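Here is a short set of exercises to work through with the structure open beside you. Try each task on your own before you read its solution.

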Amino acid sequence: SFGTPYLYSLTINATLPGGNVSDTTTLRVGFREFSKVVDPELEGPVLKVNEQKIFVRGGNWITTDQFLRFATDAQRYYTEVAYHVDMGLDMLRVW
C-alpha cells in the first residue's frame, strides 16, 4: 500500500451567474507522488511512490491475434490481461 495517504477535504461549489451557489459537494481525496529515477548504485531505473522505492514485477505482452481478427472482442483482451494479474505482475509492457 506504500503508506496511508493523507486525505484532504475538497469542497466543490457550482455557482450560477450572479453568485448564487446551486450545488455543493465535499469529497475526501488523497494524492500520491510517482517518480522514476536512475539509481547510481544500481545504474538503472528505480520507481518510487511517495519517495519510497518500490519493486515492480512486470512482463511483456504481445497480442495473441496478430491479424487483429478479434480486435473488437473486449472480453478476450480483458481475459488475457487478467492472466498477468493472476501471475502477480504489477506492470505490463504492450508490444
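**Exercise 1: A residue in strand β3**

Task: find the strand that holds Ser35, and decide whether Ser35 is buried or exposed.

Solution. Keep in mind that you are looking at a predicted model.
- Step 1: Ser35 sits in strand β3, which covers residues 34-39.
- Step 2: the relative accessibility of Ser35 is 18%. Buried means under 20%, so Ser35 counts as buried.
- Step 3: leaving out residues up to four places away in sequence, Ser35 touches Val46, Leu47 and Lys48.

**Exercise 2: The sheet around β3**

Task: work out which strands make up the open sheet that contains β3, and in what order.

Solution.
- Step 1: the open sheet has 3 strands in the order β3-β4-β5, and the pairing is antiparallel.
- Step 2: β3 and β5 (52-54) are the edge strands, each pairing on one side only.
- Step 3: from one strand to the next, the twist averages 45 degrees.
- Step 4: look at the pairing of β3 with strand β4 (residues 44-49), which is antiparallel and runs over 6 bridges. Phe34 stands opposite Val49 in β4.

**Exercise 3: The surroundings of Asp39**

Task: describe the place of Asp39 and find the partners of the Asp39 side chain.

Solution.
- Step 1: Asp39 belongs to strand β3.
- Step 2: its relative accessibility is 8%, so Asp39 counts as buried.
- Step 3: the Asp39 side chain makes a polar contact of 2.8 Å with the side chain of Lys53. The Asp39 side chain also reaches the backbone nitrogen of Leu42, at 3.1 Å.
- Step 4: beyond residues up to four places away in sequence, Asp39 touches Gly44, Val46 and Lys53.

**Exercise 4: Arg28 and its contacts**

Task: locate Arg28, then say which residues it contacts once its neighbours within four places in sequence are set aside.

Solution.
- Step 1: Arg28 lies in strand β2, residues 21-30.
- Step 2: with a relative accessible area of 54%, Arg28 is exposed, because exposed means over 50%.
- Step 3: with those sequence neighbours set aside, Arg28 is in contact with Leu7, Tyr8 and Ser9.
- Step 4: the side chains of Arg28 and Ser9 are joined by a polar contact of 3.1 Å.
- Step 5: Arg28 and Leu7 are 21 residues apart along the chain, and their C-alpha atoms are separated by 5.8 Å.

**Exercise 5: Tyr8 and the aromatic pairs**

Task: place Tyr8 in its strand, then count the aromatic pairs and classify each one.

Solution.
- Step 1: Tyr8 is found in strand β1, residues 7-15. At 42% relative accessibility, Tyr8 counts as partly exposed.
- Step 2: apart from residues up to four places away in sequence, Tyr8 touches Leu27, Arg28, Val29 and Phe31. By contrast, the C-alpha atoms of Tyr8 and Thr64 are separated by 44 Å, with their positions 56 residues apart along the chain.
- Step 3: rings pair if their centres lie within 6.5 Å, and the count comes to 2 aromatic pairs.
- Step 4: the ring centres of Tyr6 and Tyr8 are 4.8 Å apart and the planes stand at 80 degrees, so this pair is edge-to-face. Tyr6 is exposed, at a relative accessible area of 59%.
- Step 5: Trp61 and Tyr77 also form an edge-to-face pair, 5.9 Å from centre to centre with 80 degrees between the planes. The pair links distant parts of the chain, since Trp61 is in strand β6 and Tyr77 in helix α1, 16 residues apart. Trp61 and Tyr77 are both buried.

**Exercise 6: The unit built from β6, α1 and β7**

Task: state in which sense β6 and β7 pair, and give the handedness of the β-α-β unit.

Solution.
- Step 1: strand β6 (residues 58-61) and strand β7 (residues 91-94) pair in the parallel sense, over 4 bridges.
- Step 2: Gly58 has Met91 as its bridge partner in β7.
- Step 3: helix α1 (residues 74-86) joins β6 and β7 in a right-handed β-α-β unit.

Note on methods:
Residues are numbered from 1 along each chain as its sequence is written. This is a predicted model: local features need pLDDT of at least 70, side-chain atom pairs count only at pLDDT 80 or more; totals for chains, interfaces and linings use all residues. Side-chain values use heavy atoms; hydrogens and water are left out. Helices (H or I, at least four residues) and strands (E, at least two) are DSSP runs, numbered from the N terminus. Buried means under 20% relative accessible area, exposed over 50%, partly exposed in between (1.4 Å probe, protein chains only). Contact means heavy atoms within 4.5 Å. A polar contact is a pair of N or O atoms within 3.5 Å; within protein, one must be able to donate a hydrogen and the other to accept it, and residues adjacent in sequence count only if both atoms are side-chain atoms. Two strands pair if DSSP finds at least two bridges between them. A crossover is right-handed if, with the strands pointing away from the viewer, the path from the first strand over the helix to the second runs clockwise. Rings of Phe, Tyr and Trp (its six-membered ring) pair if their centres lie within 6.5 Å; planes under 30 degrees apart count as stacked, over 60 as edge-to-face and the rest as tilted. Axes are lines fitted to C-alpha atoms, for helices over the stretch in contact, and angles run from 0 to 180 degrees between N-to-C directions.
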